[in-house]
Amino acid sequence: MRWGWPGLVGVLSLALLLSGPAMAVEEPAGYRMGAYRSPVPASLSGATVVDTQTAAGLREQGGVSFIDVLPRPPKPENLPEGTVWRDKPRNSIAGAVWLPNVGFGQLPAEGEHYFRQGLSEVTAGDLDHPLIFFCLADCWMSWNAAKRALGYGYRKVYWFPEGTDGWAEAERPMEVIEPLEVDSGAD
């Protein structure tokens with residue numbers, strides 16, 4: 001049996017209909033604690049979810065800080081003496097601030113301090129300063145970090161779930177960035 005174009009479209013449409021809608025991801029009450037690279041919810045209570053076009057518009061308007069939270073693998077402690085270690089470069093949204101490792105579901109005390117200090121430095125302590133959190137597409141790290149910033153009292157929080165994947169696909173400006181260094185708080 002040969003399928004003509006109309007018949008093939010009909011069969012494919014019926015197959016998609018019978019397969020049911022894509023499973024929606026529910027917004028959890030707490031932080032995501034694992035499987036950070038998996039489908040994310042469409043919402044984040046208290047934050048504004050933005051797509052690439054909206055994020056680009058906010059960037060062009062100015063006055064908003066883009067916060068990249070992609071993790072940075074630590075240097076292994078047991079490397080043989082003399083081994084050269086090079087951190088992997090992070091190609092991110094031009095002008096973004098990189099606060100790596102702050103999107104895990106649970107942060108150690110040093111991570112909490114680093115995140116709070118980094119946000120305070122970026123916003124000059126202004127809880128109304130707009131912040132856009134991102135990492136990669138389907139990455140819970142940015143969802144967790146945006147949720148945590150809301151918990152810290154920041155009131156203008158945007159979550160950009162498409163992250164650098166969506167930004168690069170739209171051919172928006174990118175650059176290699178380094179992690180923000182903050183006061184460790186140790187005396």
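What follows is a walk through the fold, the sheet, the core and a few single residues of this predicted model.

Starting with the overall layout, the protein chain has five helices and seven strands. Read from the N terminus, these elements come in the order α-β-α-β-β-β-α-β-α-β-α-β. The protein chain counts 187 residues, and 39% of them are buried. Contacts reach far along the sequence: of those between residues at least 6 apart, 80% join residues at least 24 apart.

Next comes the sheet. Five strands form an open sheet with parallel pairing, in the order β1-β6-β5-β2-β4. At the edges sit β1 (48-49) and β4 (97-98), each of which pairs on one side only. Working through the pairs, β2 and β4 run parallel and are joined by two bridges, with Ile67 having Val97 as its bridge partner in β4. On the β5 side, four bridges tie β2 to β5, again running parallel. Here Phe66 stands opposite Ile132, and Ile67 has Phe133 as its bridge partner in β5. From β5 the sheet carries on to β6 through three bridges, and these two strands run parallel as well. Ile132 faces Tyr158 in β6, while the bridge partner of Phe133 in β6 is Trp159. Ile132 thus stands opposite Phe66 in β2 and opposite Tyr158 in β6.

How do the two faces of these strands look? For β2, both are covered: Ser65 and Ile67 lie on one side, Phe66 and Asp68 on the other, and all four are buried. β5 tells a similar story, with Leu131 and Phe133 pointing one way, Ile132 and Phe134 the other way, and all of them buried. Lying across β2, β4 and β5 is helix α3, which runs at about 135° to β5.

Now to the core. The largest nonpolar core holds 45 residues, and the members that touch the most others are Phe66, Leu119 and Phe133. At least two residues each come from α2 (52-61), β2 (65-68), α3 (109-123), β5 (131-134), α4 (140-151) and β6 (157-159). The biggest giver is α4, with six residues. Two of the top three members have already turned up in the sheet: Phe66 as the residue opposite Ile132, and Phe133 as the bridge partner of both Ile67 in β2 and Trp159 in β6. As for Leu119, leaving aside residues up to four places away in sequence, the residues touched by Leu119 are Ile67, Leu99, Leu131, Phe133, Ala149, Tyr152 and Tyr154. Among these, Ile67 is a buried residue of β2, and Leu131 and Phe133 are buried residues of β5 that point one way from the strand.

Leu119 also takes part in the packing of α3 on α4. From α3, Glu112, Phe115 and Leu119 meet Ala145, Arg148 and Ala149 of α4. Sorted by type, the residues of this contact come out as four nonpolar, no polar and two charged. The two helices pack at an angle of about 75°, with their axes 12 Å apart. Because of that angle, α3 counts as roughly perpendicular to α4.

Further along the chain, Gly166 has its place in helix α5 (residues 163-169). With a relative accessibility of 12%, Gly166 counts as buried, because the cut-off for that class is under 20%. Gly166 and Leu136 are 30 residues apart in sequence, yet their C-alpha atoms are 8.0 Å apart in space.

Finally, a word on two loop residues with unusual backbone angles. Ala35, in the loop between α1 (5-19) and β1, has a positive phi of about 45° although it is not a glycine. Its relative accessible area is 53%, so Ala35 is exposed. Asn101, located in the loop between β4 and α3, likewise has a positive phi, of about 70°, without being a glycine. At a relative accessible area of 28%, Asn101 is partly exposed.

Notes
Residues numbered from 1 in each chain as written. Predicted model: local features only at pLDDT ≥ 70, side-chain atom pairs only at ≥ 80, totals over all residues. Heavy atoms only, no water. Core = buried A, V, L, I, M, F, W, Y, C linked by side-chain atoms within 4.5 Å. Buried < 20%, exposed > 50% of the residue type's maximum accessible area, 1.4 Å probe, protein only. Contact = heavy atoms within 4.5 Å. Axes fitted to C-alpha atoms, helices over the stretch in contact; angles between N-to-C directions. Parallel < 35°, antiparallel > 145°, perpendicular 65-115°, else oblique. Nonpolar A, V, L, I, M, F, W, Y, C, P; charged D, E, K, R; others polar. Pairing = 2+ DSSP bridges.
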